[in-house]
Amino acid sequence: MPHLLMIGECMIELSQSNELGEYKQSFAGDVFNTGVYIKRCLKESAQVSFLSVIGEDKMSSQLLSLMASEEINSRYLYRCKSNKMGLYIINIDQYGERTFDYWRENSAARHLVKFIKKDTDKTAFRSVTTIFFSGISLAILSPDDLVNFWEFIECRRSNGCQIVFDPNYRPALWSSPNKAKDAFEMAYSLSDVVLPGVDDHKNLYNHKSAAEIASHLEAKGIGEIIIKNGDLEVLISVEGRRTQIDIIPVTEVVDTTSAGDAFNGGYLSARQSGKSVKSSVIYAANVAGCVIQHKGAIVPKACFSKAIIPLA
Ligand code: ADP
């Protein structure tokens, strides 16, 4: 059975729920969101694990309950005494514009590499068939931890594990664009499948188009390149052969927060279930299209299952 390991940070999310200034609490984080959508799509036909670090507090325990209800494996969710989960607030102004404030500088997830190293079970990662991480997963690591992270990824890859990467570039999380670029170049060199967005590369590499991004990544020998571009096309490059798939724009967009995460979840699920790259992009676009018609990064299960046919 496929076993997908999602590596990154999940945060406590507070979103303004009404004009009285009251907040609704939930949990979200890019690779975590993707993991939830993969499990909802693949059901019992795959195992999905989340690798991160949380605190020993009550709120951290609530994440475990959420994971249990989404059937995400918590074997690799380590707990740490000294740090707690990061938190972010979504503010909505009078014009409906959203802004984000973060408290994540000292989050427990920043220590995830130390916990991987401390995991003494020799068989710990043997069953993992796919590892997924993002530029955000990399941005929260110290330079020393990053070196150890690459060693871990190289080791898993040499054991036959598929590596999947989404750069998800967030300038505020990096000390300089060059640091981000160095990390992304390393991630790309170790990846089998990559899922960048056009905006990621426009901002960091000054690439002007999906075609330019494809050329950059094809030159690295990456076999499966999927380039997202909002409600415009998705450009696919498989072993250097390019195809463009048009996206049907959603007319009633409510919240695009996790469009890319949902797309990644749909795409990886469909690929795991044996669909072609092209059919997987179409399935992924449906998953993302459903998610952006609801509020929040992780849409209620009932809304999701009404719109998306599982693959298992
Ligand atoms: P990110 O969240 O990484 O910026 P994008 O904005 O590129 O990701 O969107 C990811 C995917 O979500 C797109 O490839 C598309 O399938 C879907 N999507 C995003 N916005 C829309 C939209 N307005 N209508 C339909 N689909 C959309």
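**Exercise 1**

Task: Decide which exposure class Glu185 belongs to, and find its salt-bridge partner and where the two residues sit.

Solution.
- Step 1. Glu185 has a relative accessible area of 23%, so it is partly exposed (buried is under 20%, exposed over 50%, partly exposed in between, with a 1.4 Å probe and protein chains only).
- Step 2. The model is predicted, so local features need pLDDT of at least 70 and side-chain atom pairs pLDDT 80 or more, while totals for chains, interfaces and linings use all residues. Residues are numbered from 1 along each chain as its sequence is written, and side-chain values use heavy atoms, without hydrogens and water.
- Step 3. The partner of Glu185 is Lys220: their side chains form a salt bridge with an N to O distance of 2.4 Å (the cut-off is 4 Å from a side-chain nitrogen of Lys or Arg to a carboxyl oxygen of Asp or Glu).
- Step 4. Glu185 belongs to helix H6 (residues 177-189), and Lys220 to the loop between helix H8 (210-218) and strand S11 (224-227); the pair is 35 residues apart and links distant parts of the chain. Helices (H or I, at least four residues) and strands (E, at least two) are DSSP runs numbered from the N terminus.
- Step 5. Lys220 is partly exposed as well, at a relative accessible area of 31%.

**Exercise 2**

Task: State how many salt bridges the structure holds, and describe the bridges of Arg242 and Arg271.

Solution.
- Step 1. The total is 11 salt bridges.
- Step 2. Arg242 pairs with Glu218 through their side chains, at 2.9 Å from N to O. Arg242 is in strand S13 (residues 241-245) and Glu218 in helix H8, so this bridge ties together parts that are 24 residues apart in sequence.
- Step 3. Arg242 has a relative accessible area of 37% and is partly exposed; Glu218, with 23%, is partly exposed.
- Step 4. Arg271 pairs with Glu224, at 2.9 Å from N to O. Here helix H9 supplies Arg271 and strand S11 supplies Glu224, so parts 47 residues apart in sequence are tied together.
- Step 5. Arg271 counts as partly exposed at 30% relative accessibility, whereas Glu224 is buried at 11%. Separately, Arg75, Asp119 and Asp121 form one network through salt bridges that share partners.

**Exercise 3**

Task: Characterise the surroundings of the ligand by count and class of residues, and list backbone polar contacts with their distances.

Solution.
- Step 1. The shell consists of 16 residues, and Gly230, Asp231, Val250, Gly260 and Ala288 are the closest (a residue is near if one of its heavy atoms lies within 4 Å).
- Step 2. By class, 11 residues of the shell are nonpolar, three polar and two charged. In this scheme Ala, Val, Leu, Ile, Met, Phe, Trp, Tyr, Cys and Pro are nonpolar, Asp, Glu, Lys and Arg charged, and the others, including Gly, polar.
- Step 3. Helix H9 (259-272) and helix H10 (277-291) each contribute at least two residues to the shell; the largest share, three residues, is from H9.
- Step 4. A ligand nitrogen lies 2.9 Å from a backbone N or O atom of Val250. A polar backbone atom of Gly230 is 2.8 Å from a ligand oxygen, and a polar backbone atom of Gly260 is 2.9 Å from an oxygen atom of the ligand.
- Step 5. On its own the ligand has 560 Å² of accessible area, of which the protein covers 82%.

**Exercise 4**

Task: Which phi values do Lys43 and Asn206 have, and where do these residues lie?

Solution.
- Step 1. As background, most residues other than glycine have a negative phi.
- Step 2. Lys43, not a glycine, has a positive phi of about 50°. Lys43 sits in the loop between helix H1 (30-42) and strand S4 (47-54), and is partly exposed with a relative accessible area of 39%.
- Step 3. Asn206 also has a positive phi, near 65°; its place is the loop between helix H7 (198-205) and H8.

**Exercise 5**

Task: Describe the chain by its helices and strands, its box and its share of buried residues.

Solution.
- Step 1. The chain has 11 helices and 13 strands.
- Step 2. Along the principal axes, the C-alpha atoms fill a box of roughly 50 × 50 × 40 Å.
- Step 3. Of the 312 residues, 52% are buried. One of the buried residues is Ala187, with a relative accessible area of 0%, in helix H6.
- Step 4. From Ala187 to Val234 the C-alpha to C-alpha distance is 21 Å, and the two are 47 residues apart in sequence.

Technical notes: Polar contact = N/O pair within 3.5 Å; in protein donor to acceptor, adjacent residues only side chain to side chain. Areas by Shrake-Rupley, 256 points an atom, 1.4 Å probe, with all protein chains shown as cover.
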